[in-house]
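Happy to go through this one with you. Let's take the labels in turn and ask what stands behind each of them.

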Amino acid sequence: MTIQTVTTTPYNDQKPGTSGLRKSVKHFKKPDYLQTFVQAIFNTVQGIEGSTLILGGDGRYFNREAIQIILRMAAAAGFGRVILGQSGILSTPAASHLIRQYQAIGGIILSASHNAGGPEGDFGIKFNISNGGPAPEQLTEAIYEASKGIHSYQIAPIQPIPLDKLGTYELHGMPIEIIDSVTDYMALMESLFDFDKIAALLQADHFKMRFDAMHAVTGPYAHRILEERLGAPKGTVMHGQPLANFGGGHPDPNQAHAKELMALLFARKSEFDFGAASDGDGDRNMILGKQFFVTPSDSLAVLAANATLIPGYRNGIAGIARSMPTSQAPDRVAIKLGLPYFETPTGWKFFGNLLDAGRITLCGEESFGTSSSHVREKDGLWAVLFWLNLLAEKQDSVENIVRKHWAEYGRNYYSRHDYEEIDLKAANELIAALLDKLPSLTGQTFGALTVGSADNFAYTDPVDGSVSQNQGIRILFTDGSRIIFRLSGTGTQGATLRVYLEKYEADTNKHDQDVQEALADLLTIAEQVAQIQAFTGREAADVIT
Ligand code: G16
């Protein structure tokens, strides 16, 4: 049986977004759509002959089918071996770890992350490079260019691999090792955190928590780590069975989509001390205390301020990075600790060089992502274990820890307003109009606020000097408040406008305001400047986090 060459017609819409190529399942099922993108990856990445590829996904609809296709294409492309998560399951951070651990050339992760799944939902594919991190922009751009010229692809003959059974198989001479998806990742977590202390907390009568896996990939990881290894009572993990359609839900760990968990933690007499959730592919996290929500920006700041309490970071951290729309709370910690800090564009790929160069140890994004140099992706369960280790160490509540942090550093009131599935043309016009206005904004006063500067964010990578333009519009006020406008790079329907609002409050007596009230003036200014309603017809955001 020989390798087949299948002729095909190229696609011209395979441009990866913020994190890989995401489209509806229906779109992915167009003739040879997946194959074209995979061939474009294999044609672009150098040195795949004889190398190791890591493969897995978040278990969503089309995952298993896609894996069988990719295995056959990997064999045709001449990979030395593929290491595959059992049942085709690997969380994004676990895949990142395996790439590093097995010195793979990279990995293919099948996920549309927090986007809904199922036949009517979304699918996605991303390539991570040998450092374990998302392909940088130059590579995704090269893959996109290659995809437009794919007139044929190479594939080994059909030979279904039993994805659920551990062991080594062979496909057209290429070994496929099916490994337990959790074991290596759990060992990594154990090397960073004080598992004995966390276990004592989880087994204590006075402590009660829930982890919501949202019927997505972290289910098996959380069951094994929290319940089996650390001894949390059975039932601690909710929605722990991965389902191809995430149980019909939206696997996005935020206040809007993790409603059941929110209700448990925010009940008037809640019995829970800690709540956490993760997303489709296990890289995002939400942290809750009793009747208390921790913004992802605050979470990063608190973790950074307390890092030396955690075994893996006992010797201190090298620096901190945050994406541009993330609040400036982590910067305040860095300044106080005398650490370098960086502001990067949205997208985890922008942290890769800083992590590789050892210039930062912790990084995070407002979009519910936090992680460290242990992998090159954001890591949902890592953040949860970090918080648990911190709670065990401090013997204090989530709310007290955050309030004490605000008392020391001040509070960055923060919220993101998303206008989803708006007309693409209207969204582009809104941004164009805003860009036109930028030069005239500086010096303008809106109520008590004066614009100090306004720009279209561009980033020069301090390690390799590469420049990324058009990364979001910033209106920076003289008191440190900010309004940021961006179009999402992960949506699949129309456009999603994100408006990020931030206001700094140093006075401890003013740390109890309702977040939306504290930011109401900024929202009014955002509407006034960007004319959101006039352009989009929307009076208010669809999702507020
Ligand atoms: C992805 C990226 C993140 C980014 C987020 C939001 O997250 O990995 O770096 O912050 O999208 O991007 P956007 O605002 O462009 O929609 P995930 O969890 O979807 O992979």
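Q: What makes the pair formed by Gly489 and an oxygen atom of the ligand a polar contact?
A: A backbone N or O atom of Gly489 lies 2.6 Å from that ligand oxygen. A polar contact is a pair of N or O atoms within 3.5 Å, so the pair qualifies. Bear in mind that this is a predicted model, where local features need pLDDT of at least 70 and side-chain atom pairs count only at pLDDT 80 or more, while totals for chains, interfaces and linings use all residues. Residues are numbered from 1 along each chain, and side-chain values use heavy atoms, without hydrogens and water.

Q: Which side chains have a polar atom facing a ligand oxygen in this way?
A: Among them are Thr18, at 2.6 Å, and His114, at 2.9 Å.

Q: How much of the ligand's accessible area does the protein cover?
A: The protein covers 99% of the 470 Å² that the ligand has on its own (Shrake-Rupley method, 1.4 Å probe).

Q: Why is the pair Glu190 and Arg229 called a salt bridge?
A: Their closest N and O atoms are 2.5 Å apart. The rule asks for a side-chain nitrogen of Lys or Arg within 4 Å of a carboxyl oxygen of Asp or Glu, so the pair counts. Glu190 is in helix 6 and Arg229 in helix 8, 39 residues apart.

How values were computed. Polar contact = N/O pair within 3.5 Å; in protein donor to acceptor, adjacent residues only side chain to side chain. Helix = DSSP H or I, 4+ residues; strand = E, 2+ residues; numbered from the N terminus.
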